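Let's take a friendly walk through a protein model, from charged pairs to empty spaces. Keep the 3D view open as you read, and look up each residue as it comes along.

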Amino acid sequence: VPQMVGALHYALGDAMPMTLAQVQGWVANEGDAWQRTVTHFASMLRGGHGNAETATDFTLLGRRTGELHLALASATDDPAFAPEEMTKADLVSLVQQMHDRLDKSLQVLRNQLPNLNETDRDLSRKLLSNSNLLRKRIQVPELSATVPKIRVHGDYHLGQVLCTPDGDFVIVDFEGEPARPLAERRAKHCPLKDVAGMLRSFDYAAQAALRGLAASVFEASAISTAERLANQASRQYLNGYYAALDSATVLPRDVNLRNQLLNLFVLDKALYELLYEANNRPDWIAIPLTGLIRYASGLQV
């Protein structure tokens, strides 16, 4: 992460201090991982093989993410950062929020149907008709092992990562989701929440690359190729991430529980995306719709 130089805080009475400004060291970079990944995926979709200038080392990115979580969990003497144990109540609360978000999403879709283009309208109807299947995926996992909660990035995706000239990465923008209250942004979570955000970002990058193809280039096979590219990036990223945490206690040791939690966080992120796109960027609504339809069919990360 960029080196911290200093910060300006504001405190009023007994309220928790707020950071008004911070100064960080400048990072030599070649743009963010979002643009690089979209460019690389677009090259692959056009039939190319990519090149060193556009390729992203997703395994290394996964490793850097794991190292980030290790660092965030290392300040055991600081109550604001010391790891805690996730409880069943935490999971019940998460699942309830997801059900509420699903209800809101379905209502927004019904209201938006007349304003959507034909393709997005068809996708919306498909999700609406499969909403019960999606709802069944939102279940409280059985806590068969200890699940640590730590401070996480909170808004983690390819746009929050700078690509350095030597092929490495620097992670930036730790303020969390700006629309959420400070207390929520400071809350501790299972680190797989960040991982889920990055996995969804790969899907977004593949779909963005697909959208950028000229009509003369686009073919039906490009859709399956885009999905394959996102899945391949996800596998490489997860390999690097889990390797970095192999001997650590930041994640539950039960692999089945780990996978259940990751799938739950991915689904939660996709529901968040659907509401965001419907309210702010309806031209992009097909991306979370497509993902949620896949998840409703039982596709796992």
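## Charged partners

Start with R36, which forms a salt bridge with E30; the closest N and O atoms of this pair are 2.9 Å apart. Keep in mind that you are looking at a predicted model. The two partners sit in unlike surroundings: R36 counts as buried, at 15% relative accessibility, whereas E30 is partly exposed, with a relative accessible area of 47%. Behind such pairs is a simple idea: side chains of opposite charge can pair when their charged atoms come close.

How many salt bridges does the structure hold? The count is 15, and we will visit a few of them.

## A pair along one helix

Now find helix α2, which covers residues 58-72. Here the side chains of E67 and R63 meet in a salt bridge, with 3.6 Å from N to O. Because E67 and R63 are 4 residues apart in this helix, about one helical turn separates them. Both ends of the bridge are partly exposed: E67 has a relative accessibility of 34%, and R63 has 39%.

This pair also has company. R63, R64, E67 and D168 are linked in a network of salt bridges.

## A pair between two helices

Another salt bridge joins R294 and D203, with the closest N and O atoms 3.5 Å apart. R294 lies in helix α10 (residues 286-296) and D203 in helix α7 (residues 192-211), so the pair ties together parts that are 91 residues apart in sequence. Are these two residues buried or exposed? R294 counts as buried at 17% relative accessibility, and D203 is buried too, with a relative accessible area of 5%.

Helix α7 deserves a look of its own. This helix has 20 residues and reaches 29 Å from its first C-alpha to its last, close to the 28 Å expected at 1.5 Å a residue. Of the 20 residues of α7, 18 are buried, so the helix is largely enclosed by the rest of the structure.

## The nonpolar core

Next, turn to the nonpolar side chains. The largest nonpolar core has 81 residues, and those with the most contacts inside it are L134, L192, Y237, L262 and L292. Which helix gives the most to this core? It is helix α9 (residues 255-280), with 12 residues.

Y237 is a good residue to click on. Leaving aside its neighbours within four places in sequence, Y237 is in contact with a list of residues that includes F58, L61, Y156, V195, M198 and F202.

## Far in sequence, 9.3 Å in space

Sequence distance and spatial distance can tell separate stories. S221 and L45 are 176 residues apart in sequence, yet their C-alpha atoms are 9.3 Å apart in space. S221 lies in helix α8 (residues 220-244) and counts as partly exposed, at 40% relative accessibility.

## A residue with positive phi

D173 has a backbone detail to notice: its phi is near 60 degrees, a positive value in a residue other than glycine. You will find D173 in the loop between β6 (169-171) and α6 (182-186). D173 is partly exposed, with a relative accessible area of 39%.

## Empty spaces

Finally, look at where atoms are missing. Rolling a probe the size of a water molecule over the atoms shows where empty space is left. The count comes to 1 cavity of 30 Å³ or more. The largest cavity has a volume of about 140 Å³. It is lined by 14 residues, and the closest to its centre are G154, E177, K193, D268 and K269. Helices α7 and α9 each supply at least two residues of this lining.

There is also a pocket to explore: about 1,100 Å³ of space lies in the largest one. Of the 35 residues that line the largest pocket, the closest to its centre are M4, Q22, R151, F174 and E175. Strands β1 (4-10), β2 (18-24) and β6, along with helices α2 and α6, each supply at least two residues of the lining. Which of the elements gives the most to the lining of this pocket? It is α2, with 5 residues, the helix where E67 and R63 are found.

How values were computed: Residues numbered from 1 in each chain as written. Predicted model: local features only at pLDDT ≥ 70, side-chain atom pairs only at ≥ 80, totals over all residues. Heavy atoms only, no water. Salt bridge = Lys/Arg side-chain N within 4 Å of Asp/Glu carboxyl O. Buried < 20%, exposed > 50% of the residue type's maximum accessible area, 1.4 Å probe, protein only. Core = buried A, V, L, I, M, F, W, Y, C linked by side-chain atoms within 4.5 Å. Contact = heavy atoms within 4.5 Å. Expected span 1.5 Å × (residues − 1). 1 Å grid on protein atoms, 1.4 Å probe; cavity = no way out; pocket = protein on both sides within 12 Å on 5 of 7 lines; lining within 4 Å. Points joined across faces, edges and corners; volume = space filled by probe spheres on them.
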